[in-house]
Amino acid sequence: MHKKFLLPLLGCALLGAAAISQAQTAPSTPAAAPAPTTAAPAAAAPERQAGFVKSVRGDVKLLSAAATARNAVPGDALASVDRIVTGPDSSAAVVLRDDTTLVVGPSSRLDLKQFHFDATTHEGGLLVSLLRGSMRMITGLIGKTNPDAVRVETQTATIGIRGTDFIVQTDGQP
């Protein structure tokens with residue numbers, strides 16, 4: 001009797017995990033060397049660099065604090081105060097220096113408002129703001145050593161993180 005319920009449930013769980021895994025690792029273009037960007041963020045100093053773009057599918061843009069937009073490509077550096085904007089049917093995966101992974105879903109806008117991390121002491125802080133769309137976060141060392149230092153803001157709430165893997169979705173309407 002339990003097999004009738006467990007088998008379909010396990011199948012759904014595996015399909016969901018496969019879809020998330022594909023969104024994290026599947027590049028949108030054939031494997032080719034990423035084109036060098038003309039903006040300086042790829043050569044940002046390590047203390048200013050929060051992380052890097054792991055994968056991109058579709059139309060994904062990075063906006064710097066100076067409102068300079070550029071197309072995101074795998075390997076691009078992400079500064080401590082960048083914005084990630086995805087188009088319809090697009091997504092991006094970002095890995096921060098503390099090994100936090102952010103997967104930004106279609107039609108989303110995510111601000112990395114604050115990121116600082118000391119690799120020696122594992123102290124730091126992370127604040128992201130999901131303005132529209134969806135995001136999956138798998139917390140890294142900051143979330144493991146000091147969960148209170150990781151926060152996610154939406155239009156109507158601020159979330160304190162107590163787990164290590166979660167999904168947030170917002171419609172962008174106040």
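1. In this predicted model, strand 8 and strand 9 form a hairpin in which four residues lie between the two strands. Within the turn, histidine 122 has a positive phi of about 65°. The two strands run antiparallel and are joined by nine bridges, strand 9 covering residues 123–138. One pair in this arrangement is aspartate 118, which stands opposite glutamate 123 of strand 9.

2. Strand 8 (residues 109–118) also pairs with strand 5 (residues 83–86), again in the antiparallel sense, over three bridges. Here isoleucine 84 has leucine 110 of strand 8 as its bridge partner.

3. A salt bridge joins side chains of these two strands: arginine 83 meets aspartate 111 at 2.4 Å, N to O. The pair links distant parts of the chain, since arginine 83 belongs to strand 5 and aspartate 111 to strand 8, 28 residues apart. Arginine 83 counts as partly exposed because its relative accessibility is 24%, whereas aspartate 111, at 12%, counts as buried.

4. Strand 8 takes part in another salt bridge, between lysine 113 and glutamate 153, whose closest N and O atoms are 3.0 Å apart. Lysine 113 lies in strand 8 and glutamate 153 in strand 10, so this pair ties together parts that are 40 residues apart in sequence. Lysine 113 is partly exposed at 39% relative accessibility. Glutamate 153 has a relative accessibility of 18%; buried means under 20%, so this residue falls in the buried class.

5. The structure holds three salt bridges. Among them is the contact between the side chains of aspartate 59 and lysine 61, at 3.3 Å, N to O. Aspartate 59 counts as partly exposed, with 42% relative accessibility, and lysine 61 is likewise partly exposed, with a relative accessible area of 29%.

6. The largest nonpolar core contains 26 residues, of which Leu96 and Val128 touch the most other members. The elements giving two or more residues to this core are strand 1 (49–57), strand 2 (60–63), strand 6 (91–96), strand 7 (101–104), strand 8, strand 9 and strand 10 (150–153). Strand 9 gives the most, with five residues.

7. The surroundings of leucine 96 merit inspection in the viewer. Leaving aside neighbours within four places in sequence, leucine 96 is in contact with Ala50, Gly51, Leu78, Leu102, Leu112, Phe115 and Leu126.

Note on methods:
Residues are numbered from 1 along each chain as its sequence is written. This is a predicted model: local features need pLDDT of at least 70, side-chain atom pairs count only at pLDDT 80 or more; totals for chains, interfaces and linings use all residues. Side-chain values use heavy atoms; hydrogens and water are left out. Two strands pair if DSSP finds at least two bridges between them. A nonpolar core is a set of buried Ala, Val, Leu, Ile, Met, Phe, Trp, Tyr and Cys residues joined through side-chain atoms within 4.5 Å. Buried means under 20% relative accessible area, exposed over 50%, partly exposed in between (1.4 Å probe, protein chains only). Contact means heavy atoms within 4.5 Å. A salt bridge is a side-chain nitrogen of Lys or Arg within 4 Å of a carboxyl oxygen of Asp or Glu.
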